[in-house]
Amino acid sequence: GLSTAGRLFIGRDDGTARKIGGPFDHLTLRLRAEPAGTFYKVSLQACDSSGRQLARVENARVHPYWLTGSLALVCSAVKPPDADLSQPRPARLSDPNLSREGENPGGNVLFWFSDWTVSGSKVEAHEDRAWGPVLFTQYTLSNKVLKLKAQMAPVGNGCQVAVLQVGDPATGGWKTAGEAVIDPLARTAEFRVSRWDDTRDTPYRVACPLVSAGGGTVERYFSGTVRKDPVDKEEIVVAAFTGNNDFGFPHADVVRHVSFHGPDLLVYTGDQIYERTGGYSVLRGTDVKLSTLDYLRRWYIFGWEYRDLLKDIPSVCLPDDHDVFQGNVWGAGGRPAEFEGDYGKAQDKGGYVMPPAWVNMIQRTQTGHMADPFDPEPVEQGISVYYGPMQWGGISFAVVEDRKWKSSPTTRLPLARVVNGWAQNPEYDASRDGDVPGAALLGQRQLDFLEKWAADWSNGTWMKVVISQTLFADVATLPPPANADDVTPRLRIMEPGEYAEGENPVQDHDSNGWPQTGRNQALERMRRGFAFHISGDQHLGSTVQYGIDDWRDAGYAICVPSVANVWPRRWFPSEPGLNREPGRPRYTGDFLDGFGNRVTVFAVSNPHAVGIEPTWINHRAPGYGIVRFSRRTRKISIANWPRWVDPAQPGAGPYPGWPITIDQTDNYGRKAAARLPAIQVSGMADPVVQVIDESGREVVYTLRIKGNTFRPRVFKEGLYTLKVGEPGTGRFKTFEQVRSVPEDVEKTIQVKF
């Protein structure tokens, strides 16, 4: 390169090369590399606009390793590494020589590149690796409505409108399905197409016209396939991710391993990006445009990693705290955080630390392709919402925002002195003092949505699944006297089979174990639809069953491990779990978490020193989740997979303790107090059955049964209304004043269609 001191260098500027003088409006740099025995001779020449040579440097002992890889032009104020080019290993990005000492001795210098040409027998060009202006796409298809989002590069004024084109089976060509103006901040083009033909795979491409150097228009395309709705597929496979730290970038192994499972849906539960992605500090503040570019750089890396999956497979993407440049989010209904010079203190007071236009930009990039929200009314500051239903493969998914309405524990629990989710007052006990009136989790709007969603089994729905950022329990332990988990990265990683003795369940208010009343309200509505729960964020993979009034009386959940874990949480409770299965580890069974919530733990992916390189990733229990839903049996198979395991290899398996298989009806584990008469249906297969308590007209639960016979459980004696058939059609019959009977009393209601 050419340093701002005016010297050419190869590898490093040692200060011995002659300065070229200047200033210059135009310089030509010529780099040449040619074999010289076992090494290469590399020369760099600088010429003025007339072609006169101004300076030249040469290094005749450059190892071939340094000449392997991609080519780039760089403008940098960072001192290059003081590396020995004759050695085969280049300096890592963490090299201490990559410092800012002595940077920019020439003052402020502006320069740019043009007319770059590359040639030679050792040069390969791969046009298929060109990237942009459409960087990646995401889509969902729900009830014949396609939502597709194209993420664009910051291409300036040359491309303001993108076009969605789909393959025309009649002509074999392309036809326009929609046009979208590119959002000037988020750089997204969002398409919504109604009455989509969801019975076939449809190839698509997003076209973006660019102005060429000669002034003409050149179209660039990004292509993929919108899959048909898999309503006739026996098994629906969901792959779930969280904590996409740039450790392990570009995560090609994760993409390859997940592809083997053949997922029908991708679920990203949060932290798709981190503030320090790529090693750069975060750019917060009120300059929305600059902060947007800072975010987009990180978001583009996520798209780079997963675009080969995203272009063809529908996806759900929930932004979490790090996605909005916060360590935690207590959204408090969208209020602005009270900023007084400290972002940590500001976020603890509740609300969003970044401007609402920026938060909406984040949500546009990550959720603009998702199914229409249940109620689009924005929250405070005009921040948009995205919670709502999505139908895919006969499964009804409920997307929940478990951060946006959550109360701040710092403000709701002043005596606890909560900092970053952790109480600093040793006299405070969250299981005793934490469940204060008025503390919200999901907020009333989302509770109302879950109640209606759990009762709606129209359009052939045969399974219900809730997707949220995190688990409705706090499955983590720490050694005393730790009162915050900033010690977590420094804890010794256990050897395989080793147990961390003396640890206790923690009280992290960032988990959805708090507030307890809000947690129970959510779980009670979820179990009315026998819903399974997919979540992430906690870094520790786990499978649990929730308890409200008793252990195991609510639904099951998977919390997926982080893709690249920088915070290796763990679950090593001192007291063994109660009622655990014979032969199962002592950390399984029935527990009270740190907030006093009932939770049954079936498996966790505790970090262990497995000895698999790179150990700085694999010793922290990274991975992803795979959940399989069987249409025929209504079984749910749950597994968390280690990142390092290639599932295509013989004998490959998930983390110990998985897979776990449950029945759909296990998601409502409450013990029955009585029964209703058995329902015997003829003329219809797998009808929907809804049970309504007539004392308060409350829906007890709704379920599409398997087969033609079903005997409803109820949880108190009394009169009930039964609805049986296919909702949304004329074939839905109602039976009122149905009295409960003891379990041993045989009675049948015949339902004919």
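Colleague: What does Lys 144 count as, at 40% relative accessibility?

Modeller: Lys 144 counts as partly exposed, because 40% lies between the cut-offs of 20% for buried and 50% for exposed. Keep in mind that this is a predicted model. Lys 144 sits in the loop that runs between strand 4 (134-142) and strand 5 (145-152).

Colleague: What is the phi of Lys 144?

Modeller: Phi is near 70 degrees, which is a positive value in a residue other than glycine. Asn 459 is another case: its phi is near 60 degrees, again positive in a residue other than glycine.

Colleague: Where is Asn 459, and is Asn 459 buried or exposed?

Modeller: Look in the loop between helix 7 and strand 18 (463-470). Asn 459 has a relative accessible area of 57%, so Asn 459 is exposed.

Colleague: Next, the peptide bonds. Which residue is joined to Pro 481 by a cis peptide bond?

Modeller: Pro 480 is the partner, and omega of that bond is about 10 degrees. Pro 481 belongs to the loop between strand 19 (477-478) and strand 20 (504-505). A cis bond also runs from Trp 514 to Pro 515, where omega is near -5 degrees. To find Pro 515, go to the loop between strand 20 and helix 8.

Colleague: Which residues does Val 506, in the loop between strand 20 and helix 8, have in contact, leaving aside its neighbours within four places in sequence?

Modeller: Val 506 is in contact with Trp 422, Asp 474, Ala 476, Thr 477, Leu 478 and Gly 594. With 7% relative accessibility, Val 506 counts as buried. You can also compare sequence with space: Val 506 and Leu 148 are 358 residues apart in the chain, and their C-alpha atoms are 41 Å apart.

Colleague: Now the helices. What span would a straight helix of 23 residues have?

Modeller: At 1.5 Å a residue, the span would be 33 Å. Helix 2 (residues 288-310) has that number of residues, yet only 28 Å separates its end C-alpha atoms.

Colleague: Where is the kink in helix 2 centred?

Modeller: The kink is centred on Trp 304 and amounts to about 45 degrees.

Colleague: How many residues of helix 2 are buried?

Modeller: The count is 17 of 23, and helix 2 is mostly covered.

Colleague: Which residues of helix 1 meet helix 2?

Modeller: Val 254, Val 255, Val 258 and Ser 259 of helix 1 do, and they meet Glu 305, Tyr 306 and Leu 309 of helix 2. As for the geometry, helix 1 (residues 252-260) packs on helix 2 at an angle of about 20 degrees, and the axes are 10 Å apart. An angle under 35 degrees counts as roughly parallel, so helix 1 is roughly parallel to helix 2. The crossing of helix 1 and helix 2 is right-handed.

Colleague: At what angle do helix 2 and helix 4 cross?

Modeller: The axes of helix 2 and helix 4 (residues 356-367) cross at roughly 25 degrees and come within 10 Å. These two helices are therefore roughly parallel to each other. Their crossing is right-handed. On the helix 2 side, the contact is made by Val 288, Ser 291, Thr 292, Tyr 295, Leu 296 and Trp 299. On the helix 4 side are Trp 358, Met 361, Ile 362, Thr 365 and Gln 366.

Colleague: Why do residues three or four places apart point the same way in an α-helix?

Modeller: An α-helix has 3.6 residues a turn, so residues at that spacing point the same way. Keep this in mind for the next pair. In helix 7, Leu 447, Leu 450, Glu 451 and Ala 454 meet Gln 521, Ala 522, Arg 525 and Met 526 of helix 8.

Colleague: How far apart are the axes of helix 7 and helix 8?

Modeller: The axes are 8 Å apart, and helix 7 (residues 443-455) packs on helix 8 (residues 516-527) at about 15 degrees. That makes helix 7 roughly parallel to helix 8. The crossing of these two is left-handed.

Colleague: Last, Arg 527 in helix 8. Is Arg 527 buried or exposed?

Modeller: Arg 527 is buried, because its relative accessible area is 3%. Not counting residues up to four places away in sequence, Arg 527 touches Ile 548, Asp 553, Ala 554, Asn 667, Tyr 668 and Arg 670.

Key:
Residues are numbered from 1 along each chain as its sequence is written. This is a predicted model: local features need pLDDT of at least 70, side-chain atom pairs count only at pLDDT 80 or more; totals for chains, interfaces and linings use all residues. Side-chain values use heavy atoms; hydrogens and water are left out. Helices (H or I, at least four residues) and strands (E, at least two) are DSSP runs, numbered from the N terminus. The expected span of a helix is 1.5 Å times one less than its number of residues. The bend at a residue is the angle between axes fitted to the seven residues ending there and the seven starting there. Buried means under 20% relative accessible area, exposed over 50%, partly exposed in between (1.4 Å probe, protein chains only). Axes are lines fitted to C-alpha atoms, for helices over the stretch in contact, and angles run from 0 to 180 degrees between N-to-C directions. Angles under 35 degrees count as roughly parallel, over 145 as roughly antiparallel, 65 to 115 as roughly perpendicular and the rest as oblique. A crossing is left-handed if the near helix is turned anticlockwise from the far one by less than a right angle, and right-handed if clockwise. Contact means heavy atoms within 4.5 Å.
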